[in-house]
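Dear colleague,

Please find below the structure that I am handing over to you. My notes on it follow, and I would ask you to read them with the model open beside you.

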Amino acid sequence: MLNKFTGLVIVGLTLLSGCSDNNVKPTTTKPVTETTSQTNQIQVGKDYHSQSNPEQVKVTHIDLDLTVDFDHKVMSGYAELTFDKKDPKATSLIVDTRDLTINSVTANGQKIDFDLHDADDFLGAALEIPLPDSGNKVKINYATSPQASGVQWLTPAQTAGKKYPFLFTQAQAIHARSFIPLQDSPQVRVTYKATIRTPKELLAVMSASNDPNTERDGVYEFNMPQPIPSYLIALGVGDLHFKAMGERTGVYAEPSILDAAAAEFEDTESMLIATEKLYGPYRWDRYDLLILPPSFPFGGMENPRLSFITPTVIAGDKSLVSLIAHELAHSWSGNTVTNATWRDLWLNEGFTTYLTYRIMENVYGKDRYKQEAVLGYQSLEADVTNLTDKDQILAIDLRGRDPDDVFSDIPYEKGALFLREVEQKIGRDNMDAFLMEYFQHFKFQSITTDEFLAYFKKHVVANYPDKLDMDRINQWIFEPGVPQGAPMPESNAFSIVDNARNNWLNGEVNANQIDTQNWTVHQWLYFLNNMPDELSLEQLHDLDRAFNLTESHNNEIAHSWLLIAVKNWYQPAFPRLHDYLVHIGRNKLVKPLYKALSKTVEGKAIAKKAFDEAKAGYHPLTVKANQGFVE
Ligand code: BES
Ligand code: ZN
């Protein structure tokens with residue numbers, strides 16, 4: 001096992017200013033203004049987002065016993081932590097907490113004094129527990145707070161069925177500490193067992209073994225035998241029912257959406273088989289989906305064995321199922337090989353985005369993949385235009401920052417583009433062989449960018465001295481922007497869309513004369529996303545009359561259209577806009593709308609009205625991300 005705490009130091013930002021001759025200057029970025037100083041050194045492998053001490057005492061297993069109390073929005077019970085004393089001189093175990101009430105800590109049945117330190121703004125409060133004289137377990141009796149940042153409590157009215165309450169957790173990046181006292185760092189891997197006690201009529205599911213035939217008696221047992229990082233511990237409780245999709249795949253959802261979800265995602269088993277063929281065995285037994293209420297703040301979350309999925313992608317035509325390919329791909333890139341710190345998130349998301357494209361190509365063909373890749377590239381371009389230079393770096397410096405505030409397409413699409421370039425240079429077969437070995441080599445480990453680079457240099461770059469060079473690779477990883485000459489996704493299916501849009505913009509045709517009959521959802525998105533910033537009211541009416549865009553049932557198309565409507569003050573779409581903002585809590589879909597609305601006084605009033613109405617039903621993350629736009 002590699003030691004992450006060797007104190008190895010690199011100068012984080014020198015690479016920015018030190019462009020060597022081989023490096024092409026980034027194409028689309030502003031000049032770098034950051035200066036380098038000694039104080040700017042990043043300690044590689046150090047997790048700046050945890051106050052725990054795994055280098056001294058590392059937690060290896062957690063036994064949880066929690067009772068879910070919907071009336072008080074509290075979970076209470078205990079977490080018994082099994083630890084491994086790494087440093088013989090260590091005297092205490094330190095774990096992360098946020099907004100937890102610690103009732104007592106015991107070891108071998110005896111109470112021990114603990115110290116709950118003052119809370120840091122976004123890291124929470126460190127809980128220091130003196131090591132017991134004997135044994136390697138401590139039991140923490142605790143309760144969560146109704147405001148726990150990683151838990152959303154939904155009233156019956158906020159669910160699809162309207163009859164039962166619902167609860168789900170979202171731990172990534174640093175929210176597990178708000179519902180379990182633990183070493184909340186992705187470089188600490190634990191196995192876990194859990195007993196979850198719920199009202200009898202509800203079912204609990206976790207990122208662990210779930211028995212589809214379990215008795216619904218309000219007491220549910222779980223086991224996660226593979227060591228996972230804390231951000232992958234997850235729980236959902238509600239009026240959940242199960243429907244199988246394939247031998248190893250199925251869906252959990254509220255009854256009213258179960259069939260629609262199972263139909264939409266019926267290709268999950270094929271995706272699983274395709275991914276295994278490309279990248280080696282699926283190491284997690286079953287792969288199920290949990291469909292959440294629309295307030296789920298993300299598209300999906302790769303909780304092992306049980307991805308959490310937004311219902312907003314159930315479009316009726318499988319057009320948005322790349323989300324499933326993405327969460328499934330994380331079973332390899334992310335869950336099997338994990339980023340050691342949040343600086344290394346691109347190892348999770350960039351690899352996963354690359355794998356997603358490959359899975360989509362495999363299961364749905366080249367055309368579909370190419371269209372999705374162009375759309376991904378375009379959103380990367382937008383980020384490269386809008387983000388500061390330091391936020392365009394794959395191995396990003398997140399010291400002193402809340403990872404929630406730094407969410408962008410950089411780790412995703414730039415990371416994937418880097419891997420696509422490597423693939424193009426060394427050939428697809430060699431790339432596939434490398435990835436298969438990489439997942440095998442680092443399985444169930446958490447690694448840093450530097451560990452990846454050392455491995456990559458030795459096992460790939462060294463074999464292709466004429467095709468790959470470390471200067472360019474360092475440029476990809478440590479510099480802003482996208483290197484000149486990077487692969488540029490293209491799709492023929494979009495040329496006809498460009499033509500149609502141009503002809504319409506030039507006034508050569510009316511919207512209803514455009515032949516859109518065979519357009520894919522992605523062509524529609526490309527059509528709308530590439531409209532000029534300003535359109536006339538007449539043009540907007542023409543589009544809406546011809547295509548009924550305001551009423552689109554596809555949440556992505558509706559999003560793109562509503563964004564155009566806001567920017568051009570197209571009022572007929574505003575009732576739908578209000579409805580959209582109130583019913584959907586997925587941050588990627590609502591944040592750009594709030595942001596665009598916040599640019600004008602009148603827009604802000606509309607935003608505020610929707611936000612005030614929606615707030616009680618939004619997830620804490622969505623509230624935090626959008627509050628600023630309505631103040
Ligand atoms: N693991 C991420 C979600 C995440 C990332 C949560 C960082 C917190 C911090 C998940 O796999 C993801 O990437 N979701 C995307 C999916 C999309 C790119 C297909 C989302 O939710 O939009
Ligand atoms: Zn992801």
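Strand S19 and strand S21 (residues 306-309) pair in the parallel sense, and four bridges join them. Within this pairing, Leu290 stands opposite Phe308 in S21. Please bear in mind that the model is a predicted one.

S19 (residues 287-291) also pairs with strand S18 (residues 249-253), again in the parallel sense and over four bridges. Here Val251 stands opposite Leu289 in S19, and the bridge partner of Thr249 in S19 is Tyr287. As general background, the strands of a sheet pair through backbone hydrogen bonds, either parallel or antiparallel.

What is the order of the strands in the sheet? Five strands form an open sheet in the order S17-S18-S19-S21-S20, and the pairing is mixed. The edge strands are S17 (241-244) and S20 (300-301), each of which pairs on one side only. Helix H2 (residues 255-264) packs on this sheet and touches S17, S18 and S19. The direction of H2 makes about 150° with that of S18.

Is S19 mostly covered or uncovered? Five of its five residues are buried, so to speak of S19 as mostly covered is fitting by the definition of buried as under 20% relative accessible area. In a regular strand the side chains alternate between the two faces of the sheet. In S19 both faces are covered: Tyr287, Leu289 and Ile291 are buried on one side, and Asp288 and Leu290 are buried on the other.

I turn next to the zinc ion, which is ligand 2. Its protein donors are His326 (NE2), His330 (NE2) and Glu349 (OE), at 2.0 to 2.1 Å from the ion. Along the chain these donors follow the spacing H-x3-H-x18-E. His326 belongs to helix H4 (residues 322-329) and Glu349 to helix H5 (residues 345-364), so this pair ties together parts that are 23 residues apart in sequence. Both His326 and Glu349 are buried.

Which residues come nearest to ligand 1? Of the 15 residues around ligand 1, they are Gln172, Gly299, Glu302, Glu327 and Tyr412. A polar backbone atom of Gly299 is 2.5 Å from an oxygen atom of ligand 1. A nitrogen atom of ligand 1 lies 2.6 Å from a polar side-chain atom of Glu302. His330, a donor of the zinc ion, has an N or O atom in its side chain at 2.9 Å from an oxygen atom of ligand 1.

Yours sincerely,
A colleague

Definitions and conventions: Residues are numbered from 1 along each chain as its sequence is written. Chains are lettered from A and ligands numbered from 1 in the order in which they are written. This is a predicted model: local features need pLDDT of at least 70, side-chain atom pairs count only at pLDDT 80 or more; totals for chains, interfaces and linings use all residues. Side-chain values use heavy atoms; hydrogens and water are left out. Two strands pair if DSSP finds at least two bridges between them. Helices (H or I, at least four residues) and strands (E, at least two) are DSSP runs, numbered from the N terminus. Contact means heavy atoms within 4.5 Å. Axes are lines fitted to C-alpha atoms, for helices over the stretch in contact, and angles run from 0 to 180 degrees between N-to-C directions. Donors are N, O and S atoms within 2.8 Å of the metal (3.2 Å for Na, K and Ca); water is not among the atoms, so sites may look incomplete. Buried means under 20% relative accessible area, exposed over 50%, partly exposed in between (1.4 Å probe, protein chains only). A residue is near a molecule or strand if one of its heavy atoms lies within 4 Å of it. A polar contact is a pair of N or O atoms within 3.5 Å; within protein, one must be able to donate a hydrogen and the other to accept it, and residues adjacent in sequence count only if both atoms are side-chain atoms.
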